[in-house]
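Let's take a walk through this one, starting from a single helix and working outwards. Have your viewer open and follow along.

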Amino acid sequence: MSLPELTPQEVESKDSAFILGTYARTSFHPRRGKGAQLVDADGKVYWDLLAGIAVNALGYSHPRLVRAMKEEASGLTHVSNLYYQRAQVLLAEKLIAASGMAKVFFCNSGTEAIEASLKFARLATPGRHGVVAFTGSFHGRTFGALSMTGNEGYRTPFEPLVPGACFIAPGDVAALEAAVDETTSAIVMEPIQGEGGIVPFSDAFLQAARAAADRVGAALVLDEIQSGLGRTGSLFVFQQKGIVPDMVTLAKPLGGGLPLGAVLVTERIASFLKPGHHGTTFGGNPVACRLGYELFSELQEKDYPAKVAALGAWFGRRLGKLKKSAPGIVDVRGTGLIWGIELDREAGPVARALLQKGFVVGTARKNVLRLLPPYVVPKKALAAFVDALEVTLKEEVK
Ligand SMILES: Cc1ncc(COP(=O)(O)O)c(C=O)c1O
């Protein structure tokens, strides 16, 4: 028993015939992967510096995840949240112990985690519906999350959206102070904007956001969906920032490659939640939670956050040098294994040229190359990428 064989051309023509055209897909056909490498339908091997957009933290075919997947799938693949689930509570216990938060709600994706956090913030702040969010932010595509996303292009076609959101510029403390008042239910922010072009908030600004939320009794929601779970050198980004948020949203790597999202909340937020306030059929699925449990255990046991921090420090220095020697690099931003390389030209053609050279990279905004490699990426892959980017920037005319 296996799927019918299809050539890349057949896949593309069925895709355009049957799948709604919501994605501008690249003509790339990955079929297998091992570690930080992908192999396409023709057998060509690539270094994957995108990890399925920050999902595959342990790369591909990780033995521990493969074993757990087989084991769990031959048991129960679904039971519903009407009943108790072992993998769910074991993953929850780990997340709570490592974060110092009080309780977790499981869902299926990042946007659902944001939706949940917005509802929880409303419960915790009766009568309020204001949300302070940031220009350049990205929180997801469902109505609530889209309403807090500071990107006109994504928002405008779907207006009117959920009311109450106001957008301020990242880093503008005066605007933050002015925007946060007694109508504010939540401040929602990514500690490092991902889709927005890898734009980090300073520690001081995050602390100002914490203080502003405290001043009016609003909830501070930290969206660590792209940046969390080890990518910046600690299991949770807030642990490096001198703040404790009221809620942390997680997704992407959390399910070890399967759909899984979560909201971690403090005791105070948890005290407002009663049965029936929120729920989902699939959220916290046993197979996804088992993979999440193994992923989280692996991150802790092998101390991946420390490895990511060290590798990221080295990579940042290499990128800094490249900025000086190669044409067309306007800025390099990032930490750990989340990096944005801002170019003086469109990033799409550069990303496609890099793909031809065997490197899978992402883009953000029009002119930023976005790198979110798996934590298992070897130094030699990052070094080879730097060389390939230098060549590409010299080859590609603006
Ligand atoms: C910071 C952030 N929040 C939310 C989301 C939405 O997550 P999902 O695509 O799983 O709904 C994303 C996805 O890119 C993200 O990067």
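**From one helix to two domains**

Start at Gly100, the residue that comes right after helix H4: its phi is positive, near 80 degrees. Keep in mind that this is a predicted model.

Now step back into H4 itself. The helix covers residues 86-99, 14 residues in total, and spans 20 Å from first C-alpha to last, close to the 20 Å expected at 1.5 Å a residue. Its buried residues are Ala87, Gln88, Leu91, Ala92, Leu95 and Ser99. Look down the helix axis and these buried residues fall within an arc of 130 degrees, so they line one face of H4. Turned away from that buried side are the exposed residues Glu93 and Ala97. And what sits over the buried residues? The cover includes strands S4 (103-107), S11 (247-250) and S12 (261-265), along with helix H11 (286-301).

Next, the ligand. There are 14 residues around it, and Ser109, Gly110, Thr111, Gly140 and Gln226 come nearest. Helix H5 (residues 110-124) gives the largest share of this shell, with 3 residues. Sorted by class, the shell has 4 nonpolar, 7 polar and 3 charged residues.

Finally, zoom out. The domain assignment splits the chain into domain 1 (8-62 + 304-395) and domain 2 (76-301), with C-alpha centres 26 Å apart. Their contact takes 24 residues from domain 1 and 23 from domain 2. On the domain 1 side, H12 (304-325), S13 (329-335), S14 (338-343) and S17 (368-371) each supply at least two residues, and H12 has the largest share, 5 residues. By class, that side has 14 nonpolar, 6 polar and 4 charged residues.

Key
Residues numbered from 1 in each chain as written. Predicted model: local features only at pLDDT ≥ 70, side-chain atom pairs only at ≥ 80, totals over all residues. Helix = DSSP H or I, 4+ residues; strand = E, 2+ residues; numbered from the N terminus. Expected span 1.5 Å × (residues − 1). Buried ≥ 20, exposed ≤ 12 C-beta atoms within 10 Å, placed from the backbone. Arc of directions from axis to C-beta. Contact = placed C-beta atoms within 7 Å. Near = placed C-beta within 6 Å. Nonpolar A, V, L, I, M, F, W, Y, C, P; charged D, E, K, R; others polar. Domains from an automatic or database assignment.
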